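Subject: Structure for you to look at

Hi there,

Here is the structure I promised to pass on. Please open it alongside this note, and I will walk you through what turned up.

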Amino acid sequence: RQLVRWMICLSIFFALISVAYYLIYKYKLISRFDSTEKIQAFLSKYGAYAGLIYVVIQFLQVTFIPVPAAVTTMAGGAIFGVWKTFIYSIIGIMAGSLFAFYLGRKYGTRLIVWLMGERAYAKYLRVTDGKDKVVLTMMFLFPLFPDDLLCIAAGLTNMTYLQFFAIMAIARPLNILAMEGMFKGISAIPLRGYGIPIWIAL
């Protein structure tokens with residue numbers, strides 16, 4: 001029975017991936033937003049609405065668009081400056097994080113129980129109990145971990161919405177400021193002379 005469930009789940013998963021890949025390939029979504037320059041060029045067209053669009057982009061990168069937060073945050077820093085980017089990013093990323101957590105809590109737990117059974121899921125909760133909050137907080141502090149998957153994974157644990165929000169309120173601002181500082185530091189490194197060994201090290 002569980003083998004049949006796994007086959008059904010994988011079939012649905014690959015079908016959704018195929019549809020998503022087709023849409024992304026057809027409309028060239030990733031190629032439009034895969035660098036800070038392209039995001040900057042896109043936002044500069046919309047003038048006063050650029051801030052609202054940037055909030056939506058930050059929301060989507062946590063939930064549906066597979067673009068690292070570092071790319072969108074650095075692009076925002078180049079367009080809006082440090083503090084506007086910080087405020088816009090907090091609004092978009094916090095909203096996206098809570099929505100992804102909701103998806104994990106609403107559908108992820110049911111899917112795991114359906115695939116693995118109640119007993120296996122209860123065993124998983126016993127193993128991770130007391131460790132999930134510390135581990136997830138540390139992972140959220142680093143900019144290279146996939147935000148959407150981490151938020152969904154948090155929804156699979158016994159973490160409450162309030163606990164998740166508290167972790168986000170600590171980790172997200174530090175993460176955003178670190179990425180903006182990283183952008184300023186990296187953009188100041190020259191592509192010649194003493195900058196060459198630094199770029200090689202990076």
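Let me begin with helix H5, where Ala69, Ala70, Val71, Thr72, Thr73, Met74, Ala75, Gly76 and Phe80 are buried. That makes 9 of the 12 residues of H5, so this helix is largely enclosed by the rest of the structure. Please keep in mind that this is a predicted model.

The length of H5 can be checked too. The helix covers residues 69-80, and at 1.5 Å a residue its 12 residues should span 16 Å; the end C-alpha atoms are 16 Å apart, which agrees. Just after H5, glycine 81 takes a positive phi of about 90 degrees.

Stepping back to the whole protein, you will find 11 helices and 0 strands. Of its 202 residues, 35% count as buried.

**The cavity**

Searching the whole structure gives 1 cavity of 30 Å³ or more. The space inside this largest cavity is about 40 Å³. Its lining consists of Ala69, Met139, Phe140, Phe142, Phe145, Asp147, Leu150, Arg172, Asn175 and Met179. You have already met Ala69, as one of the buried residues of H5.

Which helices each supply at least two residues of that lining? They are H8 (132-141), H9 (147-156) and H10 (161-187). H10 gives the largest share, with 3 residues. Sorted by class, the lining has 7 nonpolar, 1 polar and 2 charged residues.

**The aromatic rings**

A pair of aromatic rings is described by the distance of the centres and the angle of the planes. The structure holds 9 such aromatic pairs, and two of them are worth going through in detail.

In one pair, the rings of phenylalanine 59 and phenylalanine 99 have their centres 5.9 Å apart and their planes at 40 degrees, so the pair is tilted. This pair links distant parts of the chain, with phenylalanine 59 in helix H4 (residues 50-63) and phenylalanine 99 in helix H6 (residues 82-116), 40 residues apart. Phenylalanine 59 is partly exposed, at 24% relative accessibility. Phenylalanine 99 is also partly exposed, with a relative accessible area of 31%.

Another pair joins phenylalanine 101 and tyrosine 161, and this one is edge-to-face, with 4.9 Å from centre to centre and 75 degrees between the planes. Here too distant parts of the chain are linked: phenylalanine 101 belongs to H6 and tyrosine 161 to H10, 60 residues apart. Are these two partners buried or exposed? Phenylalanine 101 is buried, with a relative accessible area of 0%, whereas tyrosine 161 is partly exposed at 38%.

Tyrosine 161 has a further contact. The charged end of arginine 105 sits over the tyrosine 161 ring, 5.9 Å from the ring centre.

Elsewhere, ring pairs link Tyr54, Phe80 and Tyr88 into a cluster. Of these, Phe80 takes us back to the start of this note, being among the buried residues of H5.

Happy browsing, and best wishes

How values were computed. Residues numbered from 1 in each chain as written. Predicted model: local features only at pLDDT ≥ 70, side-chain atom pairs only at ≥ 80, totals over all residues. Heavy atoms only, no water. 1 Å grid on protein atoms, 1.4 Å probe; cavity = no way out; pocket = protein on both sides within 12 Å on 5 of 7 lines; lining within 4 Å. Points joined across faces, edges and corners; volume = space filled by probe spheres on them. Helix = DSSP H or I, 4+ residues; strand = E, 2+ residues; numbered from the N terminus. Nonpolar A, V, L, I, M, F, W, Y, C, P; charged D, E, K, R; others polar. Phe/Tyr/Trp six-rings, centres within 6.5 Å; stacked < 30°, edge-to-face > 60°. Buried < 20%, exposed > 50% of the residue type's maximum accessible area, 1.4 Å probe, protein only. Lys NZ or Arg CZ within 6 Å of the ring centre and 35° of its normal. Expected span 1.5 Å × (residues − 1).
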